[in-house]
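Please go through this structure and explain why its parts are described as they are. Short answers with the reasoning shown would be best.

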There are 2 protein chains.
Amino acid sequence: MRYLVGVDIGGTNIVVGTVAEDGSAVHGVRSAPTLPEEGPEAVLGRIARLVQASIAETEKTAGIARERVVGVGIGSPGPLDRDRGVVLLTPNLGWRELPLRDLVSEAVGLPASLDNDANCAIYGEWWVGAARGSQYVVGLTIGTGIGGGIVIGGKIYYGTSGVAGEIGHTTIDSTGRRCKCGNYGCLEAYASGPAIAARAIEGIETGAETRLPGMVSGELSKITAQTVYEAAKANDEYALEIVRDTAKFLGAGVANLVNIFNPDTVVIVGGVTTAGDQLFVPLRGEVKRRAFKPAVDRCSIVPGELPGTAGVVGAVATFKNQVWGEV
Amino acid sequence: MRYLVGVDIGGTNIVVGTVAEDGSAVHGVRSAPTLPEEGPEAVLGRIARLVQASIAETEKTAGIARERVVGVGIGSPGPLDRDRGVVLLTPNLGWRELPLRDLVSEAVGLPASLDNDANCAIYGEWWVGAARGSQYVVGLTIGTGIGGGIVIGGKIYYGTSGVAGEIGHTTIDSTGRRCKCGNYGCLEAYASGPAIAARAIEGIETGAETRLPGMVSGELSKITAQTVYEAAKANDEYALEIVRDTAKFLGAGVANLVNIFNPDTVVIVGGVTTAGDQLFVPLRGEVKRRAFKPAVDRCSIVPGELPGTAGVVGAVATFKNQVWGEV
């Protein structure tokens, strides 16, 4: 059995792990803050150290010799030029025309591949997670933003310029909330982590009764989506309403995907899945109300099964696909 | 050269034509009202007579012996079971579990195929129309409703239960206009022919100044989308506003498709294309504003090039694909 290192680069954290080539195990999971403000060289240094640390830990704890680690799959925010292994532009990280694949490859002395972070996470869920065995997968990654990935017949669907799956910036309300991207009514403006927190805070400021302020010592700006899910789990009625509203917004976006793509699986990845059935039950209901019956009847809407490592595992799967031509 | 008959079944009219196997010519185009209220047998009789009439006319006018006509491709509203050649349910035609493919085949004595009408129209545009040579095509058919079709790598994309491409019922305004499907804010509720007419009439009833009422002798219910386009061509300011609004709504829907699918071509088929640049210029502008730049930059948004016959020609292309395994 060979092993591959997966690198998942986010705006906040970098996560790295060493994955068996059949996806059956993940060893030496390490993470560190991205700190993009320190510049690309500092981030590259951190990535290289994390990769080495993950390989060393895998050797130490699982007895897997480092010679058996044969490559590095990288998932990065985009847009990217996959063929050249270059990050074209990431506003969150401040990178522009960065030849990330070759820089990491040189730094760690292993062949590397580069793909979009959301594609990696959804591909990971298709490979060994909640969407395994599915032929037509659409996935959403919900965090600071909302990304997406599409897997058809075991292959990531890239589209004509490699940027397919920008599901977060599909419009669900053309005259609605302003999005960071400059438009109005994007799904991301309603259902990303920060948008969920913002909606919660707006209601509190206009008088909603809830335990949320008490959970952050009255500092409303400290309310995050996770605070809302915690309060909902404790049956805070207002937090439950925010979660149900989130399900409605997500439901409109997911119903669009179901009507367009007719997928067998919609997988949702990210912190939002900790809301569990409180989110997924009304979400499935909203999709059922909005989407075309023959499409809904054949579609499972499920949370990811690889919390924290979908991106790492999926980056390894994209390496296999890009470099070995098979997964 | 062999020939194939294409049959395009709509809620209002049936159109039939005899098409060269390479798509280079369409002969003997015939049409008749569908009159679905007379029941499926009457409609089937009409289809068979139209097919025979088209073959006879092709023989007479183009000198093509009827022996060279070797099959019939049928495009019908759905949902369908393509493998069995059965129309599962069409509310507009009142059909349910109708084995249309085999019934037509028996009636005319030729092998037949069945596919969705919108798929056929978009496949026709891919085969010999505005999207020829494109690898990633998304198309909208705008008429009484809004249908859609997706062509990836020269093949219709069907999804897991064969109903992909229901673009008309994607949500662009989740709390917006009521749609016939029961939801709120579907693209079809804003940009179908009847929706365009309804928006125009609503504004007139609340005092808009326009020549539209004069064009229908004051009978507002006679205003159609075509009336609006005619008035816009004559520079009626209110009609132009309705067309620009239509472009905005369509733009939100098309931007969603561009962000999700990253197509090289978006082709729009149907009466709405008669509005020409008055529609397409603001439509392209709205998509550019709303969609992701690397996707927009690589995408052409174009009117269909086969007005009236895209469905007929495309039905023949789906026959070739289904029966001969190639187009």
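The questions below take the domains, the chain contact, the helix packing, the sheets and some backbone details in turn.

Q: What kind of model is this?
A: This is a predicted model.

Q: How do you know where domain 1 and domain 2 of chain A begin and end?
A: Domain 1 consists of residues 3–124 + 308–324, and domain 2 of residues 134–303. These bounds come from an automatic or database domain assignment. The C-alpha centres of the two domains of chain A lie 26 Å apart.

Q: What makes up the contact between domain 1 of chain A and domain 2 of chain A?
A: Domain 1 of chain A gives 12 residues and domain 2 of chain A gives 14 residues. A residue pair counts as a contact if the C-beta atoms, placed from the backbone, lie within 7 Å. On the side of domain 1 of chain A, the largest share, six residues, comes from helix α3 (residues 117–128) of chain A. That side has seven nonpolar, three polar and two charged residues.

Q: What does each chain give to the contact between chain A and chain B?
A: Chain A gives 33 residues and chain B gives 33 residues. On the side of chain A, α8 (237–261) and α10 (293–296) each supply at least two residues. The most comes from α8(A), with six residues. By class, the side of chain A that touches chain B has 14 nonpolar, 14 polar and five charged residues.

Q: Why are α8(B) and α9(B) called oblique?
A: Helix α8 (residues 237–261) and helix α9 (residues 277–290) of chain B pack at an angle of about 40°, with their axes 7 Å apart. Angles under 35 degrees count as roughly parallel, and 65 to 115 as roughly perpendicular. The angle of about 40° falls in neither range, and α8(B) and α9(B) are therefore oblique to each other. Their crossing is right-handed.

Q: What residues make the contact of α8(B) with α9(B)?
A: Among them are B:Leu240, B:Val243 and B:Leu250 of α8(B), and B:Leu279, B:Pro282 and B:Leu283 of α9(B). The contact divides into 12 nonpolar, three polar and four charged residues. B:Gly251 of α8(B) is one of the contact residues; glycine is counted as polar.

Q: Why are α7(A) and α8(A) called oblique?
A: Helix α7 (residues 225–233) of chain A and α8(A) pack at an angle of about 120°, with their axes 7 Å apart. Roughly perpendicular covers 65 to 115 degrees, and roughly antiparallel begins over 145. The angle of about 120° fits neither, and α7(A) and α8(A) are therefore oblique to each other. The crossing of α7(A) with α8(A) is left-handed.

Q: How many residues of the contact of α7(A) with α8(A) are nonpolar?
A: Eight are nonpolar, with no polar and no charged residues. The residues are A:Val228, A:Tyr229, A:Ala231 and A:Ala232 of α7(A), with A:Ala239, A:Leu240, A:Ile242 and A:Val243 of α8(A). Ala, Val, Leu, Ile and Tyr are among the types counted as nonpolar.

Q: What makes β11 and β13 of chain A edge strands?
A: The five strands of the open sheet in chain A stand in the order β11-β10-β9-β12-β13, and the pairing is mixed. β11 (155–156) and β13 (300–303) of chain A each pair on one side only.

Q: How do you know that β12 and β13 of chain A pair?
A: Pairing needs at least two bridges. Four bridges join strand β12 (residues 265–270) of chain A to β13(A), and the two run parallel. A:Thr265 stands opposite A:Ser300 in β13(A).

Q: Why do β11 and β13 of chain B stand at the edges?
A: The order in the open sheet of chain B is β11-β10-β9-β12-β13, with mixed pairing. Each of β11 (155–156) and β13 (300–303) of chain B has a single partner strand, so one side of each is left without a neighbour in the sheet.

Q: How do you know that β9 and β12 of chain B pair?
A: At least two bridges are required, and six join strand β9 (residues 136–142) to strand β12 (residues 265–270) of chain B. The strands run parallel. B:Val138 stands opposite B:Val266 in β12(B).

Q: What is notable about the backbone at A:Pro79, B:Pro79 and A:Asn235?
A: Most residues other than glycine have a negative phi, and most peptide bonds are trans. The peptide bond from A:Gly78 to A:Pro79 is cis, with omega near 5°, and A:Pro79 lies in the loop between β4 (69–76) and β5 (80–81) of chain A. In chain B, a cis bond joins B:Gly78 and B:Pro79, with omega about 5°. A:Asn235 is not a glycine, yet has a positive phi of about 65°; A:Asn235 is in the loop between α7 and α8 of chain A.

Methods. Residues numbered from 1 in each chain as written. Chains lettered and ligands numbered in written order. Predicted model: local features only at pLDDT ≥ 70, side-chain atom pairs only at ≥ 80, totals over all residues. Contact = placed C-beta atoms within 7 Å. Axes fitted to C-alpha atoms, helices over the stretch in contact; angles between N-to-C directions. Left-handed = near helix turned anticlockwise from the far one by under 90°.
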